[in-house]
Structure formats: C-alpha cells, structure tokens
Amino acid sequence: MQRIVKIAIVTCMAFFLCFCAENPVTKTRELMFFSEKDEVALGKGLDNDVRKEYGVYDDIGVTNYVQKVGKKVARVSHRSNLDFHFSVVDMDEVNAFALPGGYIYVTRGLLCYLNNEAQLAGVIGHEIGHVSYRHSMKALQANIGTNILLNIIAMGTGSQFWAQVSDMMLGAIMAGYSRTYENQADELAVDYMLKAHYDPYQMRDFLYSLKRMEEGSVGFLLGIFASHPLTEERIKNVQNVIKQNINDYRDKALKIDEENFLHIIDGMPLEKEKGWIKDKNELKNGKVGMAVPLRRGLIIEKGENPDELILFDRYQNYVIGVTPLKGRVAQQEAIEEFEKKKSLQKKIYFGLYEDAQNTTLCIYRLNGSDLKVVFINMFPHLLAVSFIEKASSRGELVWKEIIKKARKLDAEEMVKVAPGRIKVYEVEKKQTLKELLKSLYKDEKTIKKISVMNGLQEDYVLEPGKQIKLIITEEDSHLLNKLEH
Ligand SMILES: [Zn+2]
C-alpha cells in the first residue's frame, strides 16, 4: 500500500486547494480526494486480498463467459476507459461486488441462481454502476472523515494505516451501500443493459427472485442482496426506469439468452466441497461416499489432500491415517500409487486382513517402526487405513474399530453430505414445475429452493423442451435414472 500512499499524496498535494473531480455520470464537480490512478491502484491491491481471502472459482469456461459478458457491458458504461476485470469468487453466498477502479466479482452462488445472460449482464451492470459513480471511494472518504484525510496527506501516515483503510473498505463494500447508491446503480444497470441490447426486464425478474430468497430464507444472501426492505423499492424503481427508456429501443432485438447461459453453469456445485463432516458418532465424506467411526478424545487433522484424515491421541503415541484412494482402477494399481505417494519402500508383509476377502493388509518398515495399512475395497473407491505407534498405546484397538466399522454411505445419506450440483434438464412432457419436482424430491424445502433458483412459481406449466435447473449430488444415479425415463 506504500505506493498508493505516495501516489495519493503527490496527486492530492498538486490540487491542494481543490479536492474536486468531475463525477463520471452526472458530470458535476464533487469532493474527491483520489484521482483515477489512486482508485485503480487501491482496487488492484484489494483484488489480491479478495482472491486470497475468498478464492477464485476454478473453471476457465465459466470465467471466460463472465468476462465476455462483463466486457460487453463495460464498453457501454460511463467509464469505458477503465481496464475492467471480472472474476468469479468461490463462495456459496449469493452476492456480487465491485472494488474501486473496475474490479468486479460475482460469486459462484449467484451464478447458480441466475437464469440467463441478460440477468448476469444486469448484475454486472449494477456493479459497474457503482464504479461509475465512484461509490466505494465516496464511502471510503465518508468513513475516514475529511479531517483525517487532510492529516494523512499533510503528515504522510505509514502503510499500516493504509492496510487498515483497505480492510475498512472491503468490509464496507461487502456490507452493501445506502438506498440512494443502490438505486443509482440499478438505474445505470438498466441503462447499460439497454445500450448493450439486453432485455432489462430480466433485471427486474432477478430482483423478484431475490425477494423470494429473502422471504423463504433460500440461499445465502450477502451485501446488496441482504438489504431486505429495499428489494420491493428497487423493483419499483427498476420498473419505472425501464418504462421511461425502453421505447428508444423499440426496434432493437433485446436478448435474454437462456440456453447458452444454462449450458455454461451446468454441473456447477452449489456448495464448496465439505470434506469430512462430523455426524453423530461418525465422520462422513460425501465426495467419496464413506463414513468412519469417530472416537471421543481423538485429535483430527486434515492430511495432504482434503479427503485425507489424520487421527492421533493427545500424547501422540500413535497416528492413524484415513485415505480414500481413487477408485475405478485395479486394486493393485491403487495400492502402488499410495505407496509411491507416501514413499513406502520396504514392504515386509502382504496378505488378507483377518481373512476378510475385500481387505488387504500391508506392513512397511518406516523409520524403525512398523506401519500397518489395511486397504478396504469400497467400490468404486478404496479406503487405506494406516497405523503407526511410537509408544505402547490403545491405538491399535482404535485402528481396528475404524477398519471394522468403515462403511459406504447410502443414497439418502449422500444427498445430505455431498455438495449438490446444478443439472440442466430438458422437460419431456407438459406438467407443472411442482409435479416434476415432486417426482424427484421428497423434501418440500428442496422443491421450494429449486423453484426460486429457476425464477419460476411452483404452478408454472412447463412445456416440452423447456430447460430447467435441478440439484443433484455427484453419485446420485438413482435420481438421474428417474430423469432419463
Ligand atoms: Zn449495489
């Protein structure tokens, strides 16, 4: 941040008598301590923080698509001169936000709840709207206070202060802006959608979905979307602005583009991988479909990969490793791969474990001790349960209990612990959304959630060929079979 301070000081000193700048939207002069250069530098620094803190959703197809739509909207905005950046952050929450200088983010959770390209353009348009008005910079000025700002400029306060300022700013942005700022951003969203030839009514329709999410506590809402009483007002405002402007675009084809959008988000997870989850007296992993018993007093840590568990007692007399191995390969191959990864070279025993057909015991010499590993066949995966002892302990009993009680999760349990994914389904016969969903899901909450996710009422009549989003878990073949017939 040091550099930003210097830039800020130099620029501000130059205009010491007037900290003014022209508002890019209204073209009026307003109090602004920061130049566009400062703004971009501040955004760039914060961008690093956001990426580290929240993580980026790693899917090049989705990222490219969001960037393409974002650039289309940015091009028609009031600050098309800025170098805009668009990213998808890997958060379950439904949110979008903008940093100063043109850094725009949508969450993976938000993409799951959008239904077409026009809605995505609307959300991005809203965020670009905040950038156009320089809302984040104004909020920063208001938060710090003019007097302190003048002091910083006069005294050249150190980088630590600026690190704090950055934190404050990120917090303020994530929490959302005032009613006036939100309405201004919505108005620009409609303006940009029209200029980029998107149907602005999709913006209003997504606000309706948000309202249903608020009412039904469906999905996680953050930031601008968490501002409950505002949504109704925002819908009215957006509707008015559309009415005032849409006539100018009467002879233009305003696009929605549902098919392409749904294709892009098909398969997207609604939740982050959870790894192992405690449930009663077991640890369950939805990704590999396994459960192992959980004993009181054991210390549990994550291993080298998120699906590996390391268990030990508080004296660390013994260590037990629980490692799911990639299935759908020959058992021998999976074992060899495990040995290679763990650098196990001296195998001194290989045979069945307690004469059980689907378990193999291998013993390795490791740093003067014996490492015992039992490989349990849990089709389609394999589970390696290893045990090594430093001092005499009851660890071997715990190890044996895990081997005995490790089990596969059934379909019903899987649904509870595996991350749900979007599955785009083409309707085959005419029926209401509720009829279709009831044939697939028992849980009322899931049915409600999927209705909101599709922006449709439950009594909406689906015509054959209509594409809708469903939620499935990775290994939920049961549900897929129902769909295919
Ligand atoms: Zn906003």
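Strands β4 and β5 pair in the antiparallel sense, over four bridges. This is a place to enter the structure, which is a predicted model. The two strands form a hairpin with three residues between them. In that turn, G101 has a positive phi of about 80°. One of the bridges can be followed by eye: A98 has I104 in β5 as its bridge partner.

Strand β4 is covered on both of its faces. A96 and A98 lie on one side, F97 and L99 lie on the other, and all four are buried.

On to the sheet that holds this hairpin. Strands pair in a sheet through backbone hydrogen bonds, and the pairing is either parallel or antiparallel. Here three strands form an open sheet in the order β3-β5-β4, with mixed pairing. Because β3 (85-89) and β4 (96-99) each have a single partner strand, they stand at the edges, and one side of each is left without a neighbour in the sheet. Neighbouring strands in this sheet are turned against each other by 20° on average, direction ignored. The pairing of β3 with β5 (residues 103-107) is parallel and has five bridges. Within this pair, V88 stands opposite V106 in β5.

V106 leads from the sheet to the interior. Leaving aside residues up to four places away in sequence, V106 touches V66, V88, A96, L111 and V123. V106 is also among the residues with the most contacts inside the largest nonpolar core, as are V73, I104, L110, A121, I124 and M193. That core has 81 residues. It draws at least three residues from each of domain 1 (2-265) and domain 3 (419-484). A second, separate core has 32 residues, including W276, L325, L371 and V374.

Another sheet can now be traced. It is open, has seven strands in the order β9-β10-β11-β15-β14-β13-β12, and its pairing is antiparallel. β9 (299-302) and β12 are the edge strands, each pairing on one side only. From one strand to the next, the twist averages 20°.

Start at the β9 edge. Four bridges join β9 to β10 (residues 309-312), and the two run antiparallel. E301 stands opposite I310 in β10.

At the other edge, β12 (residues 346-353) pairs with β13 in the antiparallel sense over seven bridges. L352 is placed opposite T360 in β13. The hairpin of β12 and β13 has two residues between the strands, and E354 takes a positive phi near 45° there. β13 then pairs with β14, again in the antiparallel sense, over eight bridges. The bridge partner of L366 in β14 is S369. These strands also form a hairpin with two residues between them, and N367 in the turn has a positive phi of about 50°.

A helix accompanies this sheet. α14 lies across β11, β13, β14 and β15, and it runs at about 175° to β15. Which residues of α14 (residues 395-405) are buried? They are G395, V398, W399, I402 and I403. These buried residues cover an arc of only 140° around the axis, which puts them on the same side of α14. The spacing follows a general pattern: an α-helix has 3.6 residues a turn, so residues three or four places apart point the same way. The buried residues of α14 pack against β8 (290-293), β11 (318-325), β13 (356-366), β14 (369-378) and β15 (381-389).

A single residue in another helix gives a further example of burial. L230 is located in α11 (residues 228-245). Why does L230 count as buried? L230 has 21 C-beta neighbours inside 10 Å, and a residue is buried if 20 or more other C-beta atoms lie within that distance. Not counting residues up to four places away in sequence, L230 touches R179 and E182. L230 and K211 are 19 residues apart along the chain, and their C-alpha atoms are separated by 9.5 Å.

Finally, the chain as a whole. Its secondary structure comes to 18 helices and 20 strands. Of its 485 residues, 38% count as buried. Among contacts with a separation of 6 or more, 67% are between residues 24 or more positions apart.

Methods: Residues are numbered from 1 along each chain as its sequence is written. This is a predicted model: local features need pLDDT of at least 70, side-chain atom pairs count only at pLDDT 80 or more; totals for chains, interfaces and linings use all residues. Two strands pair if DSSP finds at least two bridges between them. Axes are lines fitted to C-alpha atoms, for helices over the stretch in contact, and angles run from 0 to 180 degrees between N-to-C directions. A nonpolar core is a set of buried Ala, Val, Leu, Ile, Met, Phe, Trp, Tyr and Cys residues joined through C-beta atoms within 7 Å. A residue is buried if 20 or more other C-beta atoms lie within 10 Å of its own, exposed if 12 or fewer, and partly exposed in between; C-beta atoms are placed from the backbone. Domain bounds come from an automatic or database domain assignment. Two residues are in contact if their C-beta atoms, placed from the backbone, lie within 7 Å. The arc is that of the directions from the helix axis to the C-beta atoms.
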